[in-house]
Amino acid sequence: MTMALVLQAILWAPLALGAEKAAHWAFQSIDSPAIPKINSPWARNPIDAFIAAQHEKKGLVPALEASRRALIRRLSLDLLGLPPAPEEIKAFEEDPSESAYENLVDRLLASSRYGERWGRHWLDVARWAESEGYAENNLRPFAWRYRDYVIQSFNDDKPFDLFIRQQIAGDEMEPPSDENVIATGFLAAARISADEGDKWRQRNDMLIDITNATANALLGLTMQCAQCHDHKMDPITQRDYYRFQGFFVKGLPGNLVLNEPDPREGTAPTRPPEYAKAMREYNEILQRARERALELGKKELPEETQRLLEIPSEKRAPQEERIARATESHLNFRVAMNALEPKMTEADRKRFGELKKQVAELEARFPPPPNTWGFYSPVTSAREMETLLMRGNFPLLHNRGELEKARPYLLVRGDVFQPAMPVEQGWPAIFGAAEEKSKIALQKKPRLALADWLANPRHPLTARVWANRLWHFHFGRGLVETPGDFGFQGAAPTHPELLDWLAAELINDRWSTKYLQRLIVCSSTYRQASSHHPANAQIDPDNRFWWRWPPRRLEAETLRDVLLSACGELDSHLGGPSIPVQETSASLRRSIYLTQKRDSPPEMQALFDGPTGMAESCSRRHISISPLQPLYLLNNAFSLKRAQALARRIERLSESDSCRIEAAYQAVLGRDPEAGEIAAVKTFFKNYPGQSTQPEVPGIVRIFVPANSQIPPARAAVDGLWDVGGAGIPFADDKGIGWIVHPEAGGAFSLHNSSPGPTAYSNHTPDPAKAVVTYEFDRIAAIAEVEMIVHKNGISRIEGFAGDDLEHLASIGEAIVAGAARGRPFAEEKSAHVFSFDPATLRSGKFFRFVVRETALSNGYAIYQAFPRLADKSRVTGLKQLSSWIGFCQSLFNLNEFAYIY
């Protein structure tokens with residue numbers, strides 16, 4: 001197809017949308033429908049009238065109201081993400097007032113815990129994370145401020161239209177405020193490759209992310225399908241896509257300095273004046289170096305290309321723009337941060353070194369000013385903002401001159417190096433042309449104009465999409481089952497009149513989220529029991545018409561929080577910096593405060609279907625059922641510690657087994673045990689092989705590594721159930737514990753050869769004293785052999801010898817001479833040695849040591865692994881079974897009644 005035909009198709013595409021697509025239900029104006037008249041007294045509010053009308057039409061009978069205990073647990077888990085305390089359940093069950101339920105709803109909606117629960121829902125939609133993504137995946141240390149903004153917004157019941165405006169155009173809003181800037185973390189959550197040297201590809205990938213996420217989150221449309229061609233199903237053209245992307249081209253994400261001090265950090269808003277002065281000069285020298293590097297690079301280009309680059313971008317023909325982009329991307333490699341100093345003049349280089357030293361000293365003495373990871377345009381913002389340099393060799397720079405010239409282009413097949421024609425920013429043609437007032441706003445503050453359009457009460461999608469999301473988060477399924485796709489490929493609403501009524505109510509009540517939620521949770525529809533009804537199931541097997549409450553499993557974060565709450569360990573303080581990745585497994589804070597690093601989400605979040613990659617807006621989480629999930633709750637170190645904490649808690653309450661059992665049931669399930677359950681638990685105690693009074697004695701393998709080595713993360717299977725890992729942390733001395741297997745659990749110890757063993761890296765050194773790794777087997781007396789695998793890389797030889805009191809190992813292995821200062825050189829890249837010995841000789845406190853010695857000429861490192869293997873599990877000594885009370889608590893954590901909302 002010629003370029004002329006491509007342009008003709010693009011220009012005429014809006015005319016070919018068709019009346020059928022324009023008449024799609026989601027694109028019609030929102031009108032509040034009449035509330036149906038029904039014959040049943042079941043309805044409590046208008047929501048029930050719409051639901052009951054379908055019940056009568058289809059012959060369905062609604063379930064009875066759930067018990068008070070079920071309702072308070074359902075409400076608490078749904079609104080707060082935490083279970084009610086036993087005393088709260090008792091008080092609600094005994095409250096005789098007619099308004100007891102409504103009072104409970106009001107109390108829960110007013111709780112500060114509410115924002116943590118519902119903020120997490122929005123963070124899914126906003127594809128929020130605290131790292132960049134891509135290969136480097138640099139952390140964004142202050143992205144947590146956006147998370148706290150979201151939590152506080154829900155707690156304050158911020159009107160949803162204002163919530164939208166702040167997130168789309170906070171930096172353009174008047175009057176300027178830090179809160180508005182922090183809110184732009186929604187746009188800034190885009191993935192960025194700060195080590196991508198191709199600046200056009202880097203910016204385009206970021207813009208695609210922002211465009212797609214904004215359309216998915218707020219319009220409920222799969223606009224991403226139009227990136228390379230007209231949407232195959234929905235009335236969105238490729239031209240629409242790039243016009244919509246045009247709203248964002250004049251801004252960039254970055255670390256934005258705030259104006260106000262943060263009382264939580266105790267820091268002043270700025271560093272001393274001399275720091276700002278030094279940074280200005282520092283950046284001026286860098287900019288001169290960039291310009292010098294680019295100028296030198298341009299001189300190497302053909303004269304015709306040099307002349308083309310002098311043409312302002314807005315005056316270039318499409319073919320000239322394509323050449324210019326490819327050339328600029330090539331030149332951009334010359335301005336990497338690590339390549340600029342050689343491009344400086346001698347005077348600048350000397351001064352730059354002085355400034356770098358001065359800046360480093362000031363940064364060491366004074367903390368950085370409060371800043372946030374947000375989106376900012378120096379061209380359209382309401383105020384000029386200071387930005388801190390982001391990490392990476394090719395960081396995005398808020399260069400006002402370049403951003404002023406930025407304009408959207410339609411890209412052939414979505415290729416950033418194939419611009420077809422410039423376009424003006426705007427929303428899809430299906431929604432109508434902009435008014436004159438909006439056109440003026442588009443030119444001055446484009447994102448604010450977009451936000452005003454999205455939050456307009458007459459917009460057909462925004463309120464519908466949000467009302468449907470609220471229903472989806474409450475019931476586990478929306479009135480439209482595809483909350484991120486309201487287009488032709490998405491599901492039709494089961495109750496279209498109810499959806500429109502909810503959307504209209506949202507708008508009419510000042511866009512109040514809590515108002516709409518109160519209507520939903522106070523309805524008879526929400527208060528139904530989850531009991532099964534055979535006749536209803538024949539008519540509506542999927543419960544699409546809500547004839548009962550749909551049970552659903554708790555989300556990953558809520559499940560973790562409920563575990564911590566049940567055992568009384570939950571750290572409930574609000575907000576602040578996220579828990580570092582390396583500390584998440586030990587943290588007792590709510591899951592929303594664990595660092596969301598894109599390539600390593602918290603383990604429960606990964607296992608229980610939480611967002612992991614977070615590269616796109618997550619409108620609906622996947623739900624899987626895997627054997628690993630109950631095994632995690634039964635055997636993972638985190639779950640085991642919670643069972644131990646709960647066992648200690650109930651053991652302190654009473655010496656009576658019956659009282660302890662009742663306390664455990666109340667803490668975990670929110671109810672008293674039935675007589676048959678008490679009898680079953682006592683039978684369990686009688687038959688349990690452990691004794692509740694026995695201490696848990698761990699079996700441990702420790703690895704001691706030299707100061708020049710480190711142990712990366714490794715994993716192993718213990719009894720086929722436990723899955724525990726070591727921390728990938730460097731050691732400053734030879735006394736660190738690098739690998740602990742079975743830290744608190746009893747049972748047989750086994751490291752299978754099919755699983756990765758403890759792994760250590762040795763930096764090359766000719767000094768054998770700095771290349772020793774010691775494996776110490778503590779309280780384990782059944783290991784029959786150890787296989788040592790060495791991956792050769794510049795290694796000349798391996799030598800092994802036994803530690804103290806294990807002299808009998810001297811003759812083990814053909815290649816090993818114990819106590820000798822030499823061994824057999826390795827000819828292969830990977831060599832294995834197996835050492836066998838009598839398990840009875842390896843008692844507590846004994847150890848087996850391997851020495852890897854490298855020659856002075858070696859230029860590599862050793863990777864070596866050890867696999868201890870058992871001869872006979874029955875001969876394990878010193879390991880005790882878990883106490884019966886811990887085993888009992890573990891069992892409670894594995895009940896569906898604990899992990900589901902009923």
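**Exercise 1. Is R510 buried or exposed?**

Before we start, note that this is a predicted model, in which local features need pLDDT of at least 70, side-chain atom pairs count only at pLDDT 80 or more, and totals for chains, interfaces and linings use all residues. Residues are numbered from 1 along each chain as its sequence is written, and side-chain values use heavy atoms, with hydrogens and water left out.

*Solution.*
- Step 1: recall the cut-offs: buried is under 20% relative accessible area, exposed is over 50%, and partly exposed lies in between (1.4 Å probe, protein chains only).
- Step 2: R510 has 60% relative accessibility, so R510 counts as exposed.
- Step 3: find R510 in the loop between α22 and α23 (513–521). Helices (H or I, at least four residues) and strands (E, at least two) are DSSP runs, numbered from the N terminus.

**Exercise 2. Look at the backbone of R510 and W511, then find the cis peptide bond.**

*Solution.*
- Step 1: start from the usual case: most residues other than glycine have a negative phi, and most peptide bonds are trans.
- Step 2: R510 is not a glycine, yet its phi is positive, about 60 degrees.
- Step 3: W511 also has a positive phi, near 55 degrees. W511 lies in the loop between α22 and α23 and is buried, with a relative accessible area of 4%.
- Step 4: the cis peptide bond joins E174 and P175, with omega about -10 degrees. P175 sits in the loop between α9 (160–169) and α10 (178–183).

**Exercise 3. Describe how α3 and α22 lie against each other.**

*Solution.*
- Step 1: the axes of α3 (residues 46–58) and α22 (residues 496–508) come within 9 Å and cross at roughly 170 degrees. Axes are lines fitted to C-alpha atoms, for helices over the stretch in contact, and angles run from 0 to 180 degrees between N-to-C directions.
- Step 2: α3 and α22 are therefore roughly antiparallel. Angles over 145 degrees count as roughly antiparallel, under 35 as roughly parallel, 65 to 115 as roughly perpendicular and the rest as oblique.
- Step 3: P46, I47, F50 and I51 of α3 make the contact with E497, L498, W501 and L502 of α22. Contact means heavy atoms within 4.5 Å.

**Exercise 4. Place W25 and list its contacts.**

*Solution.*
- Step 1: go to the loop between α2 (19–22) and α3, where W25 is found.
- Step 2: W25 is partly exposed, at 24% relative accessible area.
- Step 3: setting aside neighbours within four places in sequence, W25 is in contact with residues including R464, F486 and L499.
- Step 4: the C-alpha atoms of W25 and P496 are separated by 8.7 Å, although these residues are 471 residues apart along the chain.

**Exercise 5. Which side chains make polar contacts with the side chain of R621?**

*Solution.*
- Step 1: a polar contact is a pair of N or O atoms within 3.5 Å; within protein, one must be able to donate a hydrogen and the other to accept it, and residues adjacent in sequence count only if both atoms are side-chain atoms.
- Step 2: the side chain of R621 makes one with the side chain of D124 (2.7 Å) and one with that of E557 (2.8 Å).
- Step 3: R621 lies in the loop between α26 (603–607) and α27 (628–635) and is buried, with a relative accessible area of 17%.
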